[in-house]
Amino acid sequence: GRNRYYKNSKISEARFRRLLKAFALDLTASDAARLTGISARSVNTIYLKMRQRIAEYCEALSPYSGEVELDESYFGPKRIRGKRGRGAGSKTIVFGVFKRNGHVYTEIVPDAKKKTLMAVIRGRVDLDSVIHTDGWRAYDGLVDVGYERHFRVHHGANEFAADNRHINGIESFWAFAKLRLSRFKGLPKHTFYLHLKETEFRFNHRRDDLYKRLLKLLRERPICVNLLPKSHVNYESEHWW
């Protein structure tokens with residue numbers, strides 16, 4: 001019969017749901033292929049489309065308001081010798097906005113300069129928010145652009161969690177993301193974004209039934225088989241797993 005979740009597909013809805021369950025359990029594409037009997041090539045294509053759909057969903061969720069924590073983190077190879085300071089080497093810089101209900105929004109940024117971070121903050125955080133950051137100088141101008149309630153945690157001064165003033169929420173996300181993404185050895189830059197968004201989605205729905213959440217997402221906006229010649233199919237090759 002017709003597959004409501006994956007349009008134009010020859011894969012039956014029952015089998016597709018089994019694959020979705022494997023994705024919800026965070027199984028690799030090759031394990032999911034073995035489990036469902038769907039070809040590895042098809043599973044890779046579906047996983048890629050799923051990540052694209054998840055990324056679109058995540059991008060539509062802000063702006064954030066209320067108690068918000070801001071921070072950046074660095075992903076990629078270990079520190080390169082001779083390079084020092086924030087963002088040294090060839091790391092990918094990720095900026096995070098964490099709302100204290102436990103939801104995070106991430107964005108890849110070219111650098112951690114004030115101008116760059118301010119542009120993201122202004123697009124993603126309501127002006128009436130209470131903002132918590134560390135002492136990084138790029139956050140100096142928040143009050144000037146209208147964020148009147150900005151509190152800082154000065155990590156150096158043994159001030160990790162002075163009552164309500166902390167950034168433990170966003171730091172718990174960084175720990176979750178680093179652990180999960182370490183499975184994918186050396187992700188190419190263009191797929192890192194999709195894996196990051198998938199990690200954000202998994203973190204934000206960590207208390208939900210992820211399988212049911214994904215079914216709902218695809219009922220609202222199904223993924224679709226591109227009716228293109230085979231050579232155009234851009235799928236993730238197995239060595240990335």
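From the N terminus on, the secondary-structure elements of the protein chain follow the order β-α-α-α-β-β-β-α-β-β-α-α-α-β, and in this predicted model they amount to 7 helices and 7 strands. Of the 241 residues of the chain, 48% count as buried. Among contacts between residues at least 6 apart in sequence, 62% join residues that are at least 24 apart.

Toward the N terminus, two non-glycine residues in loops have a positive phi. Asn-8, placed in the loop between strand E1 (6-7) and H1, has a phi near 65 degrees, a positive value in a residue other than glycine. Asp-26, which is found in the loop between H1 and H2, likewise is not a glycine and has a positive phi of about 65 degrees. As general background, most residues other than glycine have a negative phi.

The two helices joined by the loop that holds Asp-26 also pack against one another, helix H1 (residues 13-24) and helix H2 (residues 29-36) meeting at an angle of about 145 degrees with their axes 10 Å apart. The crossing of H1 past H2 is right-handed. On the side of H1, the contact is made by Arg-15, Arg-18, Leu-19 and Ala-22, and on the side of H2 by Ala-32, Leu-35 and Thr-36. When the residues of this contact are sorted by character, 4 are nonpolar, 1 is polar and 2 are charged. In an α-helix there are 3.6 residues a turn, so residues three or four places apart point the same way.

Helix H4 contributes a set of buried residues, namely Thr-116, Leu-117, Met-118, Val-120, Ile-121 and Arg-124. These buried residues of H4 pack against helix H3 (40-59), strand E2 (67-75), strand E3 (92-99) and E4. The loop that runs from strand E4 (103-109) to helix H4 (114-124) contains Asp-111, whose side chain makes a polar contact with the side chain of Thr-116 at 2.5 Å. With residues up to four places away in sequence not counted, Asp-111 touches Ile-93, Thr-116 and Leu-117; of these, Thr-116 and Leu-117 are listed among the buried residues of H4. The C-alpha atom of Asp-111 is separated by 9.8 Å from that of Glu-72, a residue 39 places away along the chain.

A further polar contact between side chains is formed by His-150, a residue of strand E6 (residues 149-153), with Thr-133 as the partner and a distance of 2.8 Å. His-150 has a relative accessibility of 16% and therefore counts as buried, the cut-off for that class being under 20% relative accessible area. Leaving aside neighbours within four places in sequence, His-150 is in contact with Ile-131, Thr-133, Tyr-139, Leu-142 and Val-143, so that Thr-133 appears both in this list and as the polar partner of the His-150 side chain.

With respect to cysteines, a disulfide is in general a covalent bond between the sulfur atoms of two such residues. With sulfur atoms required to lie within 2.5 Å, the count comes to 0 disulfides. Cys-58 counts as buried because its relative accessibility is 2%, whereas Cys-224, with a relative accessible area of 32%, is partly exposed.

Notes: Residues numbered from 1 in each chain as written. Predicted model: local features only at pLDDT ≥ 70, side-chain atom pairs only at ≥ 80, totals over all residues. Heavy atoms only, no water. Helix = DSSP H or I, 4+ residues; strand = E, 2+ residues; numbered from the N terminus. Contact = heavy atoms within 4.5 Å. Polar contact = N/O pair within 3.5 Å; in protein donor to acceptor, adjacent residues only side chain to side chain. Buried < 20%, exposed > 50% of the residue type's maximum accessible area, 1.4 Å probe, protein only. Axes fitted to C-alpha atoms, helices over the stretch in contact; angles between N-to-C directions. Left-handed = near helix turned anticlockwise from the far one by under 90°. Nonpolar A, V, L, I, M, F, W, Y, C, P; charged D, E, K, R; others polar.
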